[in-house]
Amino acid sequence: MRHRESGAAALMFALAAAAPAAASPPAGAGEAAGPGVVGRRAHTVTIEDMRYDPQTISVRRGDRITWINRDLVPHTVTATDGRFDSHLIQPGSSWAYVAEKAGEYHYRCTLHVSMKGRILVR
Ligand SMILES: [Cu+2]
């Protein structure tokens with residue numbers, strides 16, 4: 001015996017082992033992270049008719065929240081504790097924020113006192 005078959009089997013095994021692992025999916029919009037991985041989801045808050053919709057949004061640490069202004073006037077997304085501030089978001093424009101720390105955050109529009117929103121980060 002020259003061990004041809006076992007040699008071929010070893011080669012097959014080596015090729016299989018060298019095959020690339022399944023590529024991990026890109027962190028796309030709205031895509032869930034793997035189990036045990038915190039965050040990296042994308043959320044959207046629409047600003048329309050002088051309101052944030054949804055008014056309260058629940059996210060995980062590391063998630064990205066994008067506010068889209070669909071009104072005809074500018075608005076802001078300004079944390080009451082000063083943690084973040086979009087400054088003016090012009091009509092048709094958007095602004096994004098990545099929530100890094102767990103907690104409850106209130107925000108408002110500095111131009112329109114009636115506009116209030118809340119982010120729950122867990
Ligand atoms: Cu406003």
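This passage walks through the two sheets of a predicted model and one loop residue.

One of the sheets is open and built from four strands, lined up in the order 2-1-4-6, with mixed pairing. Strand 2 (51-53) and strand 6 (94-98) sit at the edges, and each of them pairs on one side only. On average, neighbouring strands of this sheet are turned by 20 degrees against each other, if direction is ignored. Within the sheet, strand 1 (residues 42-48) and strand 4 (residues 64-69) run parallel and are held in register by six bridges. To pick out one pairing, Ala 42 has Arg 64 of strand 4 as its bridge partner.

The other sheet is also open, with four strands in the order 3-8-7-5 and, again, mixed pairing. Here strand 3 (56-59) and strand 5 (78-79) take the edge positions; each has a single partner strand, so one side of each is left without a neighbour in the sheet. Strand 7 (residues 103-108) and strand 8 (residues 116-121) run antiparallel, with six bridges joining them. One of the pairings links Arg 108 to Lys 116, its bridge partner in strand 8.

Then there is the loop between strand 4 and strand 5, which is where Leu 72 lies. Leu 72 has 8 other C-beta atoms within 10 Å, and a residue with 12 or fewer counts as exposed, so Leu 72 is exposed. In sequence, Leu 72 and Gln 90 are 18 residues apart, while in space the gap is 8.3 Å from C-alpha to C-alpha.

Notes:
Residues numbered from 1 in each chain as written. Predicted model: local features only at pLDDT ≥ 70, side-chain atom pairs only at ≥ 80, totals over all residues. Pairing = 2+ DSSP bridges. Helix = DSSP H or I, 4+ residues; strand = E, 2+ residues; numbered from the N terminus. Axes fitted to C-alpha atoms, helices over the stretch in contact; angles between N-to-C directions. Buried ≥ 20, exposed ≤ 12 C-beta atoms within 10 Å, placed from the backbone.
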